[in-house]
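Student: Could you walk me through this chain before I go back to the bench? I would like to start with the overall layout and then ask about single residues.

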Amino acid sequence: ALDRENIQAEAHRRLKELFEEVRQAQVERNVGPINERVMLWTRRLGVADYDGLAFDNALLPTGLRPGSSRSIPVVELKRESCGTVEQLSLLVRLAVGGLLARQEPAVAILDDPLVHADATKHRRMLEIFARAAAGESSGPHAAGPLQLLILTCHADRFDHLDGAQHIDLAAAIQREG
């Protein structure tokens, strides 16, 4: 009876392992293009310590996988700075938007992004915004162009975006009134 119970327990353990492997493969297949774009952009920001994002069962990013060793556990997002989390959040939204924009035009509305970015990362993020707005037709995961609407009280932080149209809402409201 003990041998039968051990065999059943081992069978259940193996089924659970197989299920987890299949689930992980499905998560990777679904989030792979997003992960690759985000990590490419992350390296452009100068953050090269990580190999990829970790995603949960709901396909939401939960942490960062260290690039140096698989034996090092995933770094939870809550352990990162506000600026890093803010930038990763923006990169994930831009990556998803670009992938969705392959089929039809898409708009991303960003409300005062990059509040926590230092000057160097801010400038690099603006370069990424420009790339996301243009779309990328080449590469392993092509992305369509995004129309980016940036709402901000600090227009001078975004005046380096080539071809951007600046609309002063306060002035527009006064003209209408």
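Student: In what order do the elements of the chain run from the N terminus on?
Tutor: The elements run α-β-β-β-α-β-α-β-α from the N terminus, which gives four helices and five strands in the chain. Helices (H or I, at least four residues) and strands (E, at least two) are DSSP runs, numbered from the N terminus. The model is a predicted one, in which local features need pLDDT of at least 70 and side-chain atom pairs count only at pLDDT 80 or more, while totals for chains, interfaces and linings use all residues. Residues are numbered from 1 along each chain as its sequence is written, and side-chain values use heavy atoms, with hydrogens and water left out.

Student: Is the chain spread out or compact, going by the radius of gyration?
Tutor: It is more spread out than a compact globule, because the radius of gyration is 21 Å, well over the 16 Å that the globule rule gives for 177 residues. That radius is taken over C-alpha atoms, and the globule rule is 2.2 Å times the number of residues to the power 0.38. Along its principal axes the C-alpha trace spans about 85 × 35 × 35 Å.

Student: What share of the residues is buried?
Tutor: Of the 177 residues in the chain, 35% are buried, where buried means under 20% relative accessible area, exposed means over 50%, and partly exposed lies in between (1.4 Å probe, protein chains only).

Student: And how much of the contacts joins residues at least 24 apart?
Tutor: Among contacts between residues at least 6 apart in sequence, 58% join residues at least 24 apart, with contact meaning heavy atoms within 4.5 Å.

Student: Switching to the strands, which ones make up the open sheet?
Tutor: The open sheet has three strands in the order β1-β2-β3, with antiparallel pairing. Its edge strands are β1 and β3, each of which pairs on one side only. Two strands pair if DSSP finds at least two bridges between them.

Student: How many bridges does β1 make with β2, and which residues are partners?
Tutor: Strand β1 (residues 50-55) and strand β2 (residues 61-66) pair over five bridges; among the partners, G52 is matched with R65 and F55 with P61. Five residues lie between the strands of this hairpin, and one of them, L59, takes a positive phi near 65 degrees.

Student: What about β3?
Tutor: Strand β3 (residues 75-76) pairs with β2 in the antiparallel sense over two bridges, and E76 in β3 is the bridge partner of G63.

Student: Then how do β4 and β5 run, parallel or antiparallel?
Tutor: They run parallel and are joined by six bridges, with L110 of β4 standing opposite I150 in β5. Strand β4 has a covered face made of A106, A108 and L110, whereas V107, I109 and D111 lie on its uncovered face.

Student: Which residue in the loop after β4 has a positive phi near 45 degrees?
Tutor: That is D112, which is not a glycine and sits in the loop between β4 (106-111) and α3. L114 belongs to that loop too, and L114 has a positive phi of about 70 degrees although it is not a glycine. As background, most residues other than glycine have a negative phi.

Student: Is L114 buried or exposed?
Tutor: L114 counts as buried, because its relative accessibility is 1%.

Student: Let me move on to R157, where is that one?
Tutor: R157 is in the loop between β5 (146-151) and α4 (169-176), and it counts as partly exposed because its relative accessibility is 31%. Leaving aside neighbours within four places in sequence, R157 is in contact with V115, H122 and L126. R157 and D3 are 154 residues apart in sequence, and their C-alpha atoms are 69 Å apart in space.

Student: Last one, what can you tell me about A130?
Tutor: A130 is found in helix α3 (residues 119-134) and counts as partly exposed because its relative accessibility is 41%. The C-alpha atoms of A130 and A164 are separated by 9.3 Å, although these residues are 34 apart along the chain.
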